[in-house]
Amino acid sequence: MAARQTSPKIHNLLLNALPDADRALVGRSLEAVDLPLRLQLEQRNRLAAHVYFPESGIASVVVRGPRGQDIEGGIIGRDGMTGLATVLGADRSAHDIMIQLAGEGQRMPVAAFAAALRESRAFDLACRRYVYAFLVQTSYTALANGRNNIEERLARWLLMAQDRTDTQELDFTHEFLALMLGVRRAGVTLAISLLTGAGLILHARGRIAIIDRPGLVAITKGSYGPAEEHLERLSPKKPLLTAA
């Protein structure tokens, strides 16, 4: 993985929302890096060397079953970071985290990350808030996987991906989407056809264009929205203590 010269402006939302002094403290240990497709950021049950703060692209938290079945448990973009286990006092992740849409980001050694958590109350709080928001996201992923059909789950996933990329067009293959949703490729093909027929998306040559975002939100039947509201409410820009 190639390191880049540090960008004059950090585009990760968690880092960018920190007070200037805290961002400067954290920034001393940051290294700008490219995040190519399939790069493994964390491996399950292994010590991680770095904590990553994506600025573009998408990382998937991949849960592996006892027979090797993979399914996506959550996604991380410019809204957050890896290293959730470290924030909670553990030394390794239970799941793999890999880049599914190439981008760029910042990284810092795990030891420096742990030290920054101790030195900066604002950084520690921002990371803990993100961990909670991510847990809310995974709970709604479980709800969607258990209660929603494939096209409803696909609609939610496309919305979440767009939130983290700020683009109407997304480049994903049917095979990739099938893996992330834990379904057969034929099911994804049918779901894309149904969303296209409903006038919600356009699809051509592995590229999906969202053309009716409110319609996609409606399709999700409530599995998209609550987690996103929690993430916004828990932004580091919000007051440290808020009324109930």
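**Notebook: strands, helices and cores in a predicted model**

I began at the C-terminal part of the chain, where strand 10 is joined to strand 11 (residues 207-210) by 4 bridges, the two strands running antiparallel. This is a predicted model, and I read every entry below with that in mind. For one bridge in this pair I looked up the partner of Ala-204, and I found Arg-207 in strand 11. I then turned to helix 8 (residues 185-197), which packs on the sheet and touches both strand 10 and strand 11, its direction making about 130° with that of strand 10.

Next I traced the sheet as a whole, and I noted an open sheet of 3 strands in the order 9-11-10, with antiparallel pairing. Which strands stand at the edges? I found strand 9 (169-171) and strand 10 (201-204) there, and since each has a single partner strand, one side of each is left without a neighbour in the sheet. Ignoring direction, I have neighbouring strands of this sheet turned by 20° against each other on average.

**Strand 5 and its two partners**

I looked up strand 5 (residues 58-64) for burial and found 5 of its 7 residues buried, so I noted the strand as largely enclosed by the rest of the structure. On one pairing, strand 5 meets strand 7 (residues 96-101) in the antiparallel sense over 5 bridges, and within it I located Leu-101 of strand 7 as the bridge partner of Ile-58. On the other pairing, strand 5 and strand 6 (residues 70-76) are also antiparallel, over 6 bridges, with Ala-59 opposite Ile-76 of strand 6. I followed the chain between strand 5 and strand 6 and found a hairpin with 5 residues between them, where Gly-68 in the turn has a positive phi of about 85°.

**The nonpolar cores**

I listed the largest nonpolar core at 33 residues, and I marked Phe-53, Met-81, Phe-113 and Phe-123 as those with the most contacts inside it. Which helix gives the most to this core? Helix 5 (residues 121-147) does, with 6 residues. Apart from this core I found another, of 29 residues, which includes Leu-159, Ala-161, Leu-200 and Ile-201.

For Phe-123 I looked up the contacts beyond four places in sequence, and they run to Leu-14, Leu-15, Leu-18, Val-26, Phe-53, Phe-113, Ala-116 and Leu-117. Phe-113, Ala-116 and Leu-117 led me to helix 4 (residues 110-119), where they are buried together with Ala-112 and Ala-115. I then checked what the buried residues of helix 4 pack against, and I found helix 2 (20-27), strand 4 (50-54), helix 3 (84-87), strand 8 (103-109) and helix 5.

**Helix 6, helix 7 and His-174**

I computed the packing of helix 6 (residues 150-163) on helix 7 as an angle of about 105°, with the axes 11 Å apart. An angle of 65 to 115 degrees counts as roughly perpendicular, and I therefore entered helix 6 and helix 7 as roughly perpendicular to each other. The contact is made by Arg-153, Leu-154 and Trp-157 from helix 6, and by Phe-176, Leu-177, Met-180 and Leu-181 from helix 7.

Helix 7 (residues 174-181) also holds His-174, and I asked myself whether this residue is buried or exposed. I found a relative accessible area of 12% for His-174, which means that it is buried, the limit for that term being under 20%. Its side chain makes a polar contact with the side chain of Thr-189, at 2.8 Å. Leaving aside neighbours within four places in sequence, I have His-174 in contact with Arg-185, Val-188, Thr-189, Ile-192 and His-203.

**Asn-148 and Ala-218**

I placed Asn-148 in the loop between helix 5 and helix 6, and at 12% relative accessibility I entered it as buried. What does the side chain of Asn-148 reach at 2.9 Å? I found the backbone oxygen of Thr-220 there. Beyond four places in sequence, Asn-148 is in contact with Leu-143, Arg-153, Thr-220 and Ser-223.

Last I looked up Ala-218, which has its place in helix 9 (residues 213-219) and counts as exposed at 57% relative accessibility. I noted a separation of 9.0 Å between the C-alpha atoms of Ala-218 and Glu-152, two residues that are 66 residues apart along the chain.

Note on methods: Residues numbered from 1 in each chain as written. Predicted model: local features only at pLDDT ≥ 70, side-chain atom pairs only at ≥ 80, totals over all residues. Heavy atoms only, no water. Buried < 20%, exposed > 50% of the residue type's maximum accessible area, 1.4 Å probe, protein only. Polar contact = N/O pair within 3.5 Å; in protein donor to acceptor, adjacent residues only side chain to side chain. Contact = heavy atoms within 4.5 Å. Core = buried A, V, L, I, M, F, W, Y, C linked by side-chain atoms within 4.5 Å. Pairing = 2+ DSSP bridges. Axes fitted to C-alpha atoms, helices over the stretch in contact; angles between N-to-C directions. Parallel < 35°, antiparallel > 145°, perpendicular 65-115°, else oblique.
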